[in-house]
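New to this one? Here's a quick briefing to read alongside the structure.

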Amino acid sequence: MNLLQDKQVAIVGGGPGGLTLARLLQLNGAVVKVYERDLSPEVRIQGSTLDLHVDSGLKALEKAGLMNAFKENYRPGADLLMVTDQYANVVYDQHEEVYEEAFGEAHFRPEIDRGPLRRILLASLEKETVVWNKYLISLSENEGGWLLQFKDGTVASADLVIGADGANSKIRKFVTDSTPVYSGVTMVEGTVYEAAKNAPLLWELTKGGKVFALGNHRTLITSAKGDGSLSFYTGCKKEESWAKNSGIDFNDHHQLLNWFREEYAGWDVIWEELFNNIHTHFILRPQYYMPLDQTWVTRPNITIIGDAAHVMPPYAGEGVNMAMKDALELCECLTSEIFPDLRSALKHYEQQMLARASAVTQMTLTSTAMLHADDSISNLLKMFSSEEEGGE
Ligand SMILES: Cc1cc2nc3c(=O)[nH]c(=O)nc-3n(C[C@H](O)[C@H](O)[C@H](O)COP(=O)(O)OP(=O)(O)OC[C@H]3O[C@@H](n4cnc5c(N)ncnc54)[C@H](O)[C@@H]3O)c2cc1C
């Protein structure tokens with residue numbers, strides 16, 4: 001704890017990475033503020049559900065003393081996966097297997113919605129740890145520490161800054177010159193609310209779990225959420241410039257439906273349920289990753305975790321798990337007695353994080369390519385059967 005004695009720690013970004021880190025540091029007596037751009041904790045959290053892995057996301061929650069809260073809020077069965085072809089023919093279905101809760105076993109990847117995960121982490125923090133409506137726009141060096149500048153014109157100071165501000169991090173450039181590389185795949189993400197009513201056929205098909213629909217180099221992934229909504233994301237190979245030049249108004253579901261019919265020509269009409277709702281909010285997400293060999297010279301008072309450090313496509317389900325593992329390893333380094341100074345502790349964290357991120361990014365890129373290849377279904381089924389036989 002000595003390294004953080006009398007130090008003010010500022011975490012920028014209250015996503016899973018930043019909040020996990022704040023909790024772990026507070027358990028070790030550190031003085032921490034989290035600056036988050038969202039206006040309040042009640043802002044609706046979009047996005048799919050998250051499966052947590054035993055050696056990363058779940059391990060961090062265990063160390064944070066939050067496993068009981070997790071078990072009260074996770075969604076049994078939401079991890080069950082179905083694979084279909086483009087005509088919605090089911091080729092693989094985990095719902096046919098007996099569901100067993102198996103906490104502690106590597107293959108068990110329980111799912112939790114983003115909203116409940118954020119609520120659990122927020123409830124575990126000391127009062128007023130998170131400062132809402134603080135959109136960081138820049139940093140400047142200040143008497144051995146940092147001055148944080150926010151969009152609303154206010155400033156805050158800190159001795160140590162940790163960027164947990166996601167894929168479009170404003171902190172990253174103060175740590176490294178590395179820039180994200182386009183993966184070749186662009187996603188369109190959306191959520192259908194009251195899905196039993198607004199997308200009844202797909203709601204039934206998804207059975208409270210996830211559907212991976214694969215065909216002609218495209219993917220469509222749906223997941224049921226606890227609030228009765230169905231979140232989904234398409235994945236197609238597109239030029240990087242398509243995100244800027246498509247000419248589509250992503251607020252107009254008619255335009256999205258027309259785009260989907262053209263882009264997913266030959267797919268069953270059942271999938272159109274996702275695009276036929278006036279209230280669906282669409283987000284365009286070109287997918288980036290950080291160079292596998294990225295490295296930098298450690299600075300004494302600033303670092304990055306989670307997507308800010310190693311954004312990657314979601315096709316191996318590792319992003320949130322990596323963010324929470326970063327939080328755990330960074331906290332262990334900052335509170336260990338073995339490092340003589342902050343820079344040494346940050347250096348150790350960054351070395352292990354970069355090596356781990358490189359391996360996981362490589363795996364994710366392999367999986368991204370496999371899911372968007374000619375023989376995506378047969379390759380995925382082969383991968384599942386080799387896992388069942390105990391291989392990797
Ligand atoms: C469609 C989709 C599906 C996914 N599915 C999965 C999955 O199944 N499993 C998985 O492991 N991962 C998945 N991911 C990836 C996962 O969401 C991320 O890897 C994870 O959320 C990263 O956590 P983080 O805390 O680093 O960043 P984020 O979750 O991005 O959190 C960053 C936080 O910082 C805040 N912020 C950003 N900029 C600023 C600023 N300038 N000032 C202040 N605050 C700021 C944001 O509001 C946010 O709260 C998916 C991603 C997408 C897009």
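**Two domains and what lies between them**

Let's start at the boundary: there are zero salt bridges between domain 1 and domain 2. Keep in mind that this is a predicted model. The rest of the picture comes in three parts.

**How the chain is divided**
- The protein chain splits into two parts: domain 1 covers 2-48 + 115-179 + 301-370, and domain 2 covers 181-289.
- Taken over C-alpha atoms, the centres of domain 1 and domain 2 sit 29 Å apart.

**Where the domains meet**
- On the domain 1 side, 14 residues are in contact with 19 residues of domain 2.
- Put together, domain 1 and domain 2 bury about 1300 Å², and 58% of that is on carbon and sulfur atoms.
- As for the side of domain 1 that touches domain 2, its residues come to seven nonpolar, six polar and one charged.
- Polar contacts don't show up here either: zero residue pairs across the interface of domain 1 and domain 2 qualify, with both residues at pLDDT 80 or more.

**The chain as a whole**
- Count up the secondary structure of the protein chain and you get twelve helices and 17 strands.
- The protein chain has a radius of gyration of 21 Å, close to the 21 Å the globule rule gives for 392 residues, so it is as compact as a globular protein of that length.
- Along the principal axes, the C-alpha atoms of the protein chain fill a box of roughly 60 × 45 × 40 Å.

Note on methods
Residues are numbered from 1 along each chain as its sequence is written. This is a predicted model: local features need pLDDT of at least 70, side-chain atom pairs count only at pLDDT 80 or more; totals for chains, interfaces and linings use all residues. Side-chain values use heavy atoms; hydrogens and water are left out. Domain bounds come from an automatic or database domain assignment. Contact means heavy atoms within 4.5 Å. Buried area is the accessible area (1.4 Å probe) that two parts lose on being put together, summed over both. A salt bridge is a side-chain nitrogen of Lys or Arg within 4 Å of a carboxyl oxygen of Asp or Glu. A polar contact is a pair of N or O atoms within 3.5 Å; within protein, one must be able to donate a hydrogen and the other to accept it, and residues adjacent in sequence count only if both atoms are side-chain atoms. Ala, Val, Leu, Ile, Met, Phe, Trp, Tyr, Cys and Pro count as nonpolar, Asp, Glu, Lys and Arg as charged, and the others, Gly among them, as polar. Helices (H or I, at least four residues) and strands (E, at least two) are DSSP runs, numbered from the N terminus. The radius of gyration is taken over C-alpha atoms; the globule rule is 2.2 Å times the number of residues to the power 0.38.
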